[in-house]
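Here is a short report on the salt bridges of one protein model. Look at the sequence and structure, then read on.

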Amino acid sequence: MSMITATAWVPRGFAAPFPTKYTFDEEEFQRIADLAKLHLDDAIEDLEDARKPEGVNGKGGNNDDEGSENEAASKSLNSKALVHEFQLYLYILTNLPRDEDDDLKEYDLEHYDEDVEMDKDEQGTGMGMFGNVKSLAYHESNKDDPYITMQENEGDDEDREELQILVTDNMVLAAKVEDEVAHLEVYIYEDEADNLYVHHDVMLPAIPLCVEWLDIPVGKANVDKDSRANFVAVGTFDPDIEIWDLDTVDCLYPNAILGQGGQDLAGGTEDPKKKKKKRKKSKKANENYHVDAVLSLAANRHHRNLLASSSADKTVKLWDLNTTKCAKSYTHHTDKVCTTAWHPTETTVLLSGSYDRTVVAADMRAPEAKVPRWGVESDVESVRWNPHDPNFFLVSTENGVIHYHDIRNAPSSPAASKPVWILQAHDESVSSFDINPIIPGFMATGSNDKQVKLWNIQASGPTMVVSRNLEVGKVFSTVFAPDEAVGFRLAVAGSKGVVQIWDTSTNPAVRRAFADRVAPVEGEVKERLVGVEEDSSDSDSDSDEDGDGEEAPEKDAGWESMEED
């Protein structure tokens, strides 16, 4: 199984030109050992709970079949979690730098002086440290020494060159699951070279569900909190949010954890018995951390230290990244909260959508105030503000519908909601959509029907420009690039575990619809779709990943204007 659940772009100029290799010193080892022990202890506790006989925790023996299946699934997941945590802990312990004493033990330096005295007795006067110095050849530079074949830092220079990121490169983040292993893949997209490749990746503790790029350093000592940085927050099926430094390669553990895991680590010198009780994961929603899967993340671009998160525990939480603590928790919804988005100009207003089929626009400064609430016909999938007219927002639903609302016309009740227009965009769920931040009125939608559609939103309403099957399977993510130079590039990913970068400006229909925004080009324009080369074995195994018996579409299906390279 291989799939990509979420993607995000990093604007140009934020990535370090030469990302640094992970430094594993004694202090870092202690930090990681503490984190690993917390994870391992949690996994052991979960496994013990799963192995307890029925009735121990007040559960009767008359559970229905559904309850039995859920319990069996829970035991299986807990057992897998224990295995993964234990393997990670063993990996850390077995890959520690060797103690200097162990490295030098074979030379028996403690008895070095005794060996020298023995040599003197046997061979007479030994050569001193600078004896026979006239016979030594001296070179001002190692380059002139014929006996030195590998020059200093030659290997380091090659590694630096391989990791180099140019100012014209874009970083693309993809939350991926492959063969039950979860990780974050960091791609580099070279637009001029039509090249997309994996720069490095980050191992994750559970299946990732959402990613959000951050421009503020989090959990990094001796760094100005207001300085510019290149970090990412990742939400998974675990209730903790992990934050990683994208400019550091081969990290073992995150820079910071938002949630109970981070609180336990910060507990430090508490009484072990109390700490044991505290570490026991609570399933009840609270004010301090999530207790269920994290479904969405939204970074506030104006108040850079604020990060909003929503969860299956029905809450929305506001985090202060300077302290890595939850500043406030909100309970505006009665079911899972799956999507959030900050208002582009009213910087404290957060839009949230839920499986309770409502959308709420709340001012985070007034948690107790009554909030405006809009209703839709089915479960909410995603919400977005119109970046070119922030008075309007869009909502996509499980039934394939997109609603366009005016925030100034708040209804008296969700049932009284009156959208400006409604669009039946797809036959199945609109799992993702995006509004182009550079080109007004340009919208992309992706669905479980495996189609990606581009739309032109005008005053009279939206019209479809083009529809394509980009061979990514069920579409889980569609995100436009944030930079003007690559404003027409669309990152698409889905159930086949591949990322495709579609240069929509090379599509004839798009060029006609947005002629005033597309640079004129002489001659025929060749449509561009850039992806990572995948192994033939992987493509064969994923050709029917949905298990519905549907044949994979032909290579050129739906690409009337495309030509093979």
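In this predicted model, the salt bridges number 15. Three pairs and one network are described here.

| Pair | Closest N to O |
|---|---|
| D250 and K21 | 3.5 Å |
| D363 and R365 | 2.8 Å |
| E471 and K496 | 3.7 Å |

Start with D250 and K21. Their closest N and O atoms are 3.5 Å apart. D250 sits in the loop between β9 (248-249) and β10 (256-258), while K21 belongs to strand β2 (residues 20-21), so the salt bridge ties together parts 229 residues apart in sequence. D250 is partly exposed, at 43% relative accessibility. K21 is partly exposed too, with a relative accessible area of 44%.

Next come D363 and R365. Their side chains form a salt bridge with an N to O distance of 2.8 Å. D363 has a relative accessible area of 25%, so it counts as partly exposed. R365 reaches 63% relative accessibility and counts as exposed.

The third pair is E471 and K496, whose side chains meet at 3.7 Å, N to O. E471 lies in the loop between β26 (461-468) and β27 (475-480). K496 lies in the loop between β28 (489-494) and β29 (499-503), so this pair ties together parts that are 25 residues apart in sequence. Is K496 buried or exposed? K496 is buried, with 15% relative accessibility.

Which residues are linked in a network of salt bridges? They are D191, D194, R489, D503 and R528.

Conventions. Residues numbered from 1 in each chain as written. Predicted model: local features only at pLDDT ≥ 70, side-chain atom pairs only at ≥ 80, totals over all residues. Heavy atoms only, no water. Salt bridge = Lys/Arg side-chain N within 4 Å of Asp/Glu carboxyl O. Helix = DSSP H or I, 4+ residues; strand = E, 2+ residues; numbered from the N terminus. Buried < 20%, exposed > 50% of the residue type's maximum accessible area, 1.4 Å probe, protein only.
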